[in-house]
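Here are a few short exercises to work through with the model open beside you. Try each task before reading its solution.

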Amino acid sequence: MPLEAIGPDDIRSYHAYLLGERKLAVKSVVVKVCALRFLYIKVLKRRDMKEDLPYPKERKTLPVILSPAEVALLLGSARNLYHRAMLMMLYATGLRRAEMCRLKVSDIDSRRMMLRVVQGKGGIHREVPFSKTLLKTLREYYRWMKPQTYLFPGTVNGWRADKPITEKMVWAAVRQACVRAGIKKRVTPHTLRHASAYYTTFQSLFILKAIGLDQAQSAAVYGRYARLALPPAQLAG
């Protein structure tokens, strides 16, 4: 069928086929929609087709939230001190895994109890407070690992090197701890960030007032009616 003869119904049927029969992820279908939009609007000059080429929306799902007992079990099940320090860092500070991978020893300000994140999401610098318990673990880890530039160094050809750890290794550390702990939930590095955000937000009236009503309601996706439990400050410092 010539491209000029394809109508809105044909395109909708194609979208339904991709999502229903081929079971493609929404993001994959969005890429195909972008290609079709470029073809019809830019190449064929069919600007009227823009309304017939909407982007499919991904259904939002509730994040997996670990209970305080599960967080403690996960941290205690880390394979070694290297992995435990990483897991505690993720949970106690709420860092993204990419941000943690790029952390340098010089980013830790133990006097001010602040951690500097350079070029975080959106290229923004920020500072994050951390606890005395995390500092104690980091000092123990530092004496053992003796990192030079990067706090969590990676490897080259199986040997420790002064380069950032890969995000894949962070995933592996979390998954290994999850298996050792016997936790059946799907746990990822970002799960610890969710847990950190949830327990910090819902334990602090100051934070709820500071972020405003609208954002507080949005934050309720972490469990508006859940029982308030042990926050990171108590588990990780």
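**Exercise 1. Helix α3**

Task: find which residues of helix α3 are buried, and work out how they sit around the axis.

Solution. Keep in mind that this is a predicted model. Start with the range: α3 covers residues 68–76, and its buried residues are P68, E70, V71, L74 and L75. Next, look at their directions: they cover an arc of only 160 degrees around the axis, so they lie on the same side of α3. Finally, check the other side of α3, where A69 and G76 are exposed.

**Exercise 2. Helix α7**

Task: compare the expected span of helix α7 with the distance between its end C-alpha atoms, then sort out its buried and exposed residues.

Solution. First, the length. α7 runs over residues 167–181, which makes 15 residues. The expected span is 1.5 Å times one less than the number of residues, so α7 should span 21 Å, and its end C-alpha atoms are indeed 21 Å apart.

Now the faces. V170, A173, V174, A177, C178 and A181 are buried in α7. They cover an arc of only 130 degrees around the axis, which puts them on the same side of the helix. Turn to the face pointing away from that buried side and you meet the exposed residues K168, V179 and R180.

Last, step past the end: G182 follows α7 and has a positive phi, near 75 degrees.

**Exercise 3. The β4 and β5 hairpin**

Task: in what sense do strands β4 and β5 pair, and over how many bridges?

Solution. Take β4 at residues 153–156 and β5 at residues 159–164; they pair in the antiparallel sense over three bridges. For a pair of residues to look at, P153 stands opposite P164 in β5. Then move to the turn: two residues lie between the strands, and N157 takes a positive phi near 55 degrees.

**Exercise 4. Cysteines**

Task: how many disulfides does the structure hold, and are C34 and C101 buried or partly exposed?

Solution. A search of the whole structure gives zero disulfides. For burial, the cut-off is under 20% relative accessible area. C101 has 4%, so C101 is buried. C34 has 37%, so C34 is partly exposed.

**Exercise 5. The whole chain**

Task: put together an overview of the chain's secondary structure, burial and contacts.

Solution. Count the elements: eleven helices and five strands. Then burial: 38% of the 237 residues count as buried. For contacts with a separation of 6 or more, 57% come from residues 24 or more positions apart. To finish, the accessible surface comes to about 14,700 Å², of which 55% belongs to carbon and sulfur atoms.

Key
Residues numbered from 1 in each chain as written. Predicted model: local features only at pLDDT ≥ 70, side-chain atom pairs only at ≥ 80, totals over all residues. Heavy atoms only, no water. Disulfide = S-S within 2.5 Å. Buried < 20%, exposed > 50% of the residue type's maximum accessible area, 1.4 Å probe, protein only. Pairing = 2+ DSSP bridges. Helix = DSSP H or I, 4+ residues; strand = E, 2+ residues; numbered from the N terminus. Contact = heavy atoms within 4.5 Å. Areas by Shrake-Rupley, 256 points an atom, 1.4 Å probe, with all protein chains shown as cover. Arc of directions from axis to C-beta.
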